[in-house]
Amino acid sequence: MQNKQALSRHSRVRGGWLVAQTLATKKTEVVFTMSGGFINPVIEGLVQHGVRVVNAPDERIAGHLADGWARSSRAPAVCLAGPEGMGNAVPAMLEAFGQHSPVLFITGSSTIKRMGQGGFKEIDHVRVADPLTKYSVLVTDGNRIPEFINKAYEICGSGNPGPVHISIPTDLLYSSFDNPNKRLDRPFSLTAQPEHLAWPDPGEINTLFDKLEKAKRPVVIAGNGVWWGRAETELARFASRYDVPVLIVPYHQALFEGQLPYYFGLADIHQYPPAEAMLRDADLILSIGCRLDNMLNFGNPPLVPKTAELICVNGSITEVADNHAADVNLLGHPRIVLSKLAEAKEGSEPVTREWLKTCRQDRSRWIGELQELIRKESDSRPMHPLALSVEVINAIGSNDFLVIDGGDTHYWAEMALNIAAFNGKPIRGVFHPGPNSLIGCGISFGMALKLMHPTSNVVVLSGDGAFLSGGFGIELAFNENVPITVVIDNNRGLSSIEQQQRRIWDSGEPCGTAFRDVPFDGLFKGLGGHGITIDEPSEIAHAIREAIASNLPACVNVRTKGVISPLVEALTDRRAKSSIE
């Protein structure tokens, strides 16, 4: 800290120090990176400003860590990469972009004085990042580094949040510039600014209230905008006032983990079949905090019937503009809109209780079918993936986090989570890849959650393919003393891809989808952690408790069988195939 105070009095400081100073002023707690010589001035400045630096095995891991941190904190997080590390960070940009995660990617690029001449490690970072970020810019004047970081920081967390990117040439990071504390320019504040919320038009709120009052079979579809807007409490209050069932957009951030009686499941007719009848019979569908994209069939039948009035509420004009199929588009922050609707309903009697009762009966019937499937598969070895997911969730406490990563692993886990929510089991949080389905980020998400919430247990349920894709970043858990528990759904292959090949190909014989029986638990033990392989569902809960008690990075390697999920089965159905061919 003495170095920081001494530097703050100098008339000249390095560009890297300006980066660090700006991030520290924003109260950035941690920066995720892979240390490299070309970004050393930034890392030195971060150390001098007391900002924690977490060094990952590569920039993809660093980016996913920052993404996980942003999703949990619901505030901007930072990934720092060198010139050659930019390429590694691209997958993390893609994943953050799909989930609207506010990650600030700062990359050191080739020197500005040799730009366009084939400089050392030269690549156009800005053009690479542009389609995957809300804002991508090259800094060409070191004196303006704080200004650009400030602007990017505000853009990534405002409106519809998402990743941003700043490329700073390495010669600017190493060069010296006027200390902002000594400049005579009119100063602007680098501190984090209050959130700017889109305020709804009162007349539109009244119109929406009138439509809800007349509806007999309303359904709410909630998306990422509710999560990033911190509007879960308002959504729960609104749902209870109107007795309206709530569905969540698939792959969007999980909003409720067994703590909302009005939450029914995913707005997906394959992962939650009762949603088909629910949406088909609805007379009003209120979509809030999400776009009418492919996840919601662009607002079209058969998911959204023509007989239902479709109303979309979004806090960002960019999302409102995308919702062409809506009958009513309302610009307003979800937290404000839901609060005003709930207040207007205060004291009134709901008229939708019979509708809610019907929806609950359909859900109860489906839950019973899943439980009967588990019972029938109880003697199956290797075990059914649904049985694995159920046992893992049962072993998790109310203060614990669950991270899901994989193809079929994710599909079956979503069904198990619905069972748990139906039974009222609370979990502190559930995290998973976003709409781009980028497998291999679960370990990084788990580590980020444990770093942020050290008193909570974090269990990562990962497919074997997902772990092989990005799980070797687990070394960071050992290096940083981050004791997470990883449960491997080990079906020895890419099961969802194999099942598609078997159903679509003329030969019916899969190719390139099989793995050997990888001893994942041995990997963890070899690194100094805890590991065990099991085959019995009844042993899973005990194995997870032992793994957590070891206070080490731990692996519970579970042998399962590949089972085609309803989602993959629908994808390979002739009607579903025709929609993508």
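Biologist: In which helix is the place of glutamate 414?

Modeller: In this predicted model, glutamate 414 belongs to helix α17, which covers residues 408-422.

Biologist: Is glutamate 414 buried or exposed, and which side chain of opposite charge is nearest?

Modeller: A salt bridge requires a side-chain nitrogen of Lys or Arg within 4 Å of a carboxyl oxygen of Asp or Glu. Glutamate 414 is buried but has no salt bridge, the nearest side chain of opposite charge being arginine 363, 10 Å away.

Biologist: With which residues is glutamate 414 in contact, leaving aside its neighbours within four places in sequence?

Modeller: With those neighbours set aside, glutamate 414 is in contact with Leu266, Gln271 and His432.

Biologist: How should one read a helix that has buried residues, and which residues of α12 are buried?

Modeller: As a general idea, an α-helix has 3.6 residues a turn, so residues three or four places apart point the same way. Helix α12 spans residues 274-281, and Pro274, Ala275, Ala277, Met278 and Leu279 are buried there. These buried residues pack against the strands β9 (218-222), β10 (246-248), β11 (263-266) and β12 (284-288), as well as against helix α15 (353-376).

Biologist: How many disulfides does the structure hold?

Modeller: A disulfide is a pair of cysteine sulfur atoms within 2.5 Å. The structure holds zero disulfides.

Biologist: Why does cysteine 156 have no bond to the closest cysteine sulfur?

Modeller: The closest cysteine sulfur, in cysteine 79, is 13 Å from that of cysteine 156, which is too far for a bond. Cysteine 156 counts as buried, because its relative accessibility is 0%.

Biologist: Which cysteine sulfur is nearest to cysteine 312?

Modeller: That of cysteine 290, 6.8 Å away, and cysteine 312 is in no disulfide. Cysteine 312 is also buried, with a relative accessible area of 0%.

Key
Residues numbered from 1 in each chain as written. Predicted model: local features only at pLDDT ≥ 70, side-chain atom pairs only at ≥ 80, totals over all residues. Heavy atoms only, no water. Buried < 20%, exposed > 50% of the residue type's maximum accessible area, 1.4 Å probe, protein only. Helix = DSSP H or I, 4+ residues; strand = E, 2+ residues; numbered from the N terminus. Contact = heavy atoms within 4.5 Å. Lys, Arg positive; Asp, Glu negative; His and termini not counted.
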